[in-house]
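Hi,

Here is the structure I promised to pass on to you. Please open it alongside this email, and my notes follow below.

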Amino acid sequence: MHSSKKVVMDNKKKGPGLLFAKLGIVVLAVFGFTVGGLAFYGDCEKRNYDGCYQYKLQLLKNSANERKAVFIGGSSTNFGIHAKLFEEETGIRAINMGLSAGRSFEAYLESVKPYIKDGDYVFMCPEHPYYHSEFHNIDNGTSMFYLFQNFDAIKINNATDVYNTVKYSLYNGWTGWLNAILQVFDEMLVDVFHTKTPAVYDRWTCNENGDFTFHKDLTPTIYTPGNVSSALNSFTFFDGLRNYINEWKQTVNFTPYLLFAPIDENAIAGDLGFPQLEELIEERTGIKILNSQLESAYPREYFFDTYYHLKWEYGDTHTQLIIDKFIHFDIDNEII
C-alpha cells in the first residue's frame, strides 16, 4: 500500500504541467541570453570580440566618401595588418575590417560593399580554411550580428540556411553574454580589487584605423595546419570570389587585391605547392596577389597564440611587406 502511494506521488511529480513549466523556463532563459548577448553588440568594442566589428564598420561609414584602402579577412588580417602604418606611409585612409575566419567571406564583403567608392582599394586576405569551402557558406558562421550592421550581409536561400542562422544567433547570443561577464569580472579584479595585472593583450580595443591593439609578450602553444597547398585540388571558393568581384566592379571602379595570410613557416616546410598556388589563383580570379605565401611564412616566435596571429611588432613587419609591394606594383602600373 505504501509502495503504490509512492508510485502515484512520483507520477504527479513528473506530470506534463511541471515538464512544460521547466521547458518554458529553458526557452525563456535561452531567449533572454540570446537577445541580451546580441544586444551587447551595440555597445561592445570593449566587451565582445565580434562586437568590435560594429566599431570598425562605423569607421568605414565615416570614411565612405574618402579614398581609402579596406582590409578584409579573418584574424590574420586583424592581427597581421596594421592599417594605421599603411595610412601613414601611403597617405591613403586605411581601415582594418579583419575579424574571424569563422564567418562567411561573402558576408564580410557584403557588409563593406555600400561604403566602397570609385578609386578605393579592397585588400582581401582569406585564410587557408576558406580555400576548401564554398564562397557563400552560411554554415561556416554567418551570424545574426550582421543584421545590426547591414541586413543584406546575411543570405537565406533555403531551410538549411534558416536553421544555421538560428543556430549561430543562439551561439553568438550566449557567447556575447559570457564575453561581457568575463570582461567585467576581469576589470573588477584589476580596477577594484587590484588582485591581478591587466591582460597580456587587450582584445577588445581598436585604434582609429580598426587595428586591434594588444601587447606582445605572450608565448603560448602554436597550432599549425596540415599541407595547405592541398587547396590546389579545389577552386570553388576562388570561382565564387571571381564572380562576386566581377559583378561588383560593374557598378564601382575599385581596385581589388588578394593577400596571403602570414603563417608559421613550420606549416609549409617541405610543401612545394605555394608558388604554383599563387599563379593558379591569380589566373583563376583575375585578381593580383601582392605577396607570395613564401614571403609571408615567418618563424614561430613571430606568433603569439596561433599560426595566423602575429605579435604586434611582427604585424608591423608583415604590413611593411604589403606596403612595399603595393607601392611598387601601383607605381609600375600607374594606378596611384
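**Two helices and a sheet**

Helix 9 and helix 10 cross in the right-handed sense. Please keep in mind as you read that this is a predicted model. To find the pair, look for residues 236-248, which make up helix 9, and residues 274-285, which make up helix 10. Their axes come within 9 Å, with a crossing angle of roughly 40 degrees. Because angles under 35 degrees count as roughly parallel and those from 65 to 115 as roughly perpendicular, helix 9 is oblique to helix 10. If you would like to display the side chains involved, helix 9 makes the contact through Phe238, Asp239 and Arg242, and helix 10 through Ile281, Arg284 and Thr285.

Now for the sheet. In what order do its strands lie? The order is 2-1-3-4-6. These five strands form an open sheet, and the pairing is parallel. Strand 2 (93-96) and strand 6 stand at the edges with a single partner strand each, so one side of each has no neighbour in the sheet.

Going inwards, strand 1 covers residues 68-73 and pairs with strand 3 over five bridges, in the parallel sense. In this pairing, isoleucine 72 is opposite methionine 124 of strand 3.

Strand 3 (residues 121-125) is also joined to strand 4 (residues 255-258), this time by four bridges, and these two strands run parallel. Here phenylalanine 123 stands opposite tyrosine 257 of strand 4.

Which residue of strand 6 does tyrosine 257 stand opposite? That residue is lysine 288. Strand 6 takes in residues 288-289, and two bridges link it to strand 4, again with the strands running parallel. Tyrosine 257 is therefore a handy place to start when you trace this part of the sheet, with phenylalanine 123 opposite it in one pairing and lysine 288 opposite it in the other.

Finally, some figures for the chain as a whole. It contains eleven helices and seven strands. The chain has 336 residues, and 49% of them count as buried. Of the contacts with a separation of 6 or more, 80% are between residues 24 or more positions apart. The chain exposes about 16200 Å², and 57% of that area comes from carbon and sulfur atoms.

Happy to go through any of this with you over coffee.

Best wishes

Technical notes:
Residues numbered from 1 in each chain as written. Predicted model: local features only at pLDDT ≥ 70, side-chain atom pairs only at ≥ 80, totals over all residues. Heavy atoms only, no water. Pairing = 2+ DSSP bridges. Buried < 20%, exposed > 50% of the residue type's maximum accessible area, 1.4 Å probe, protein only. Contact = heavy atoms within 4.5 Å. Areas by Shrake-Rupley, 256 points an atom, 1.4 Å probe, with all protein chains shown as cover. Axes fitted to C-alpha atoms, helices over the stretch in contact; angles between N-to-C directions. Parallel < 35°, antiparallel > 145°, perpendicular 65-115°, else oblique. Left-handed = near helix turned anticlockwise from the far one by under 90°.
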